[in-house]
Amino acid sequence: MNVIENSKLTVVGAGAVGASVAYASLIRGSARHVALYDIAAERVEAEALDLAHGSQFIGASDIVGSTDISVAAGSHVVVITAGAKQEPGQTRTELAGVNAGIIRGMVPRLLEVAPDAVYVIVTNPCDVLTVVAAEAAGLPRQRIFSSGTVLDTSRLRWKLAQRAGVSTSSVHAYIVGEHGDTEFPLWSSATIGTVPILEWERPGHPRMTLEELDHIAAEVRDAAYTVIRGKGATNYAIGLSSARIVEAILQDQHAVLPVSTVLDGFAGVDGVALSVPSVVSASGAVPIPNTPMSENERMQLRASADALRGVIGAVRS
């Protein structure tokens, strides 16, 4: 792989998600150097040690963990997973307020030691926290964004591939908008191979209806709740999807991924972070302005933005 020489990834937060991001990045060879930063000394040291014990079988040069934020020095990419989990009875706005405080305090300190890094927010609610982090960092919008609906899109393609009887890589469809309740698929441009989604059929796999597609979209939207009910958290898939984003940055791939940046006039949306197809490279993420969208999809995107504005306003006050 054409990884940046001595490329360094720092993962902030050594919980289930952060450890999974580090693990996925190591086994995929996403970066040469991987650092874990967390305020919980015993946890971060144990996670780094557990990963380092497998270093014979991977290509990374070194794996370190520390409670000292200077461990992030020289990072090319910083993935932030640290934050509180949503407690029973806690609203999304309340969770956003807690995690916004964590992000505001952390980002300026990270910038002191890793001023040239691209920053990727994974902590939820990631769209709201992207706005908070961008304001705290003062960086160009392309250099600080969230994982957005990259995982949601992977879930969608997996479901569609099962239904259509093809490989996941042959499905070309995106989930966009909020990473959450108002996300939606871009059905107007979705294809399997080159065939529009509603026209695909093959023996044993009849054409799909709009009603069936809407059901699939709802299953994708609620997929995390299903996993959380069964095992308490989602971590493997977000680890893999985050590693994919890291590779797009460190290998300067100019890959098209639905990450969440603070939008500037995209389909009439300003100042809110939402996921749309974006070109991800060593310089960060840039939304693709001429992304085909039906008028209904544009309305859904604006509705998604409206749903987030109240939460953003609440965490600013």
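## Exercises on a predicted model

In strand 15, Ala255 has Val280 as its bridge partner. The model is predicted: local features need pLDDT of at least 70, side-chain atom pairs count only at pLDDT 80 or more, and totals for chains, interfaces and linings use all residues. Residues are numbered from 1 along each chain as its sequence is written, and side-chain values use heavy atoms, with hydrogens and water left out.

**Exercise 1.** Place the pair Ala255 and Val280 in its sheet.

*Solution.* Start with the strands. Strands (E, at least two residues) and helices (H or I, at least four) are DSSP runs, numbered from the N terminus. Strand 12 and strand 15 (residues 278-281) pair in the antiparallel sense over three bridges. Two strands count as paired if DSSP finds at least two bridges between them.

Next, the order. The open sheet has three strands, 12-15-16, with antiparallel pairing. Strand 12 (255-257) and strand 16 (284-287) are the edge strands, each pairing on one side only. From one strand to the next, the twist averages 35 degrees.

Last, the covering helix. Helix 8 lies across strand 12 and strand 15, at about 70 degrees to strand 15. Axes are lines fitted to C-alpha atoms, for helices over the stretch in contact, and angles run from 0 to 180 degrees between N-to-C directions.

**Exercise 2.** Find the edges of the sheet 7-10-11.

*Solution.* This open sheet has three strands and antiparallel pairing. Strand 7 (171-172) and strand 11 (195-196) each have a single partner strand, so one side of each is left without a neighbour in the sheet. Two bridges join strand 7 to strand 10 (residues 191-192). Val171 stands opposite Ile192 in strand 10.

**Exercise 3.** Describe how helix 3 packs on helix 4.

*Solution.* Two packed helices are described by the angle and the distance between their axes. The axes of helix 3 (residues 92-113) and helix 4 (residues 126-137) come within 9 Å and cross at roughly 35 degrees. The crossing is right-handed, that is, the near helix is turned clockwise from the far one by less than a right angle.

Now the residues in contact (heavy atoms within 4.5 Å). Helix 3 brings residues including Ala96, Ile103, Arg104 and Leu111, and helix 4 brings residues including Val128, Val132 and Ala136. By class, the contact has twelve nonpolar, one polar and one charged residues. Ala, Val, Leu, Ile, Met, Phe, Trp, Tyr, Cys and Pro count as nonpolar, Asp, Glu, Lys and Arg as charged, and the others, Gly among them, as polar.

**Exercise 4.** Characterise the largest pocket and the second largest pocket.

*Solution.* Fix the term first. On a 1 Å grid over the protein atoms alone, a pocket is an open set of points where a 1.4 Å probe fits, with protein on both sides within 12 Å along at least five of seven lines; lining residues have an atom within 4 Å of a point. Volume is the space filled by probe spheres set on the points, which are joined across faces, edges and corners.

The largest pocket holds about 1200 Å³. Of its 37 lining residues, Gln86, Leu95, Asn124, Ile228 and Thr234 are the closest to its centre. The lining divides into 16 nonpolar, twelve polar and nine charged residues.

The second largest pocket has about 340 Å³. Of its 18 lining residues, Arg155, Trp158, Ala223, Val227 and Ala237 are the closest to its centre. Helix 5 (150-164) and helix 7 (223-231) each supply at least two residues of the lining of the largest pocket. Helix 5 and helix 7 each also supply at least two to the second largest.
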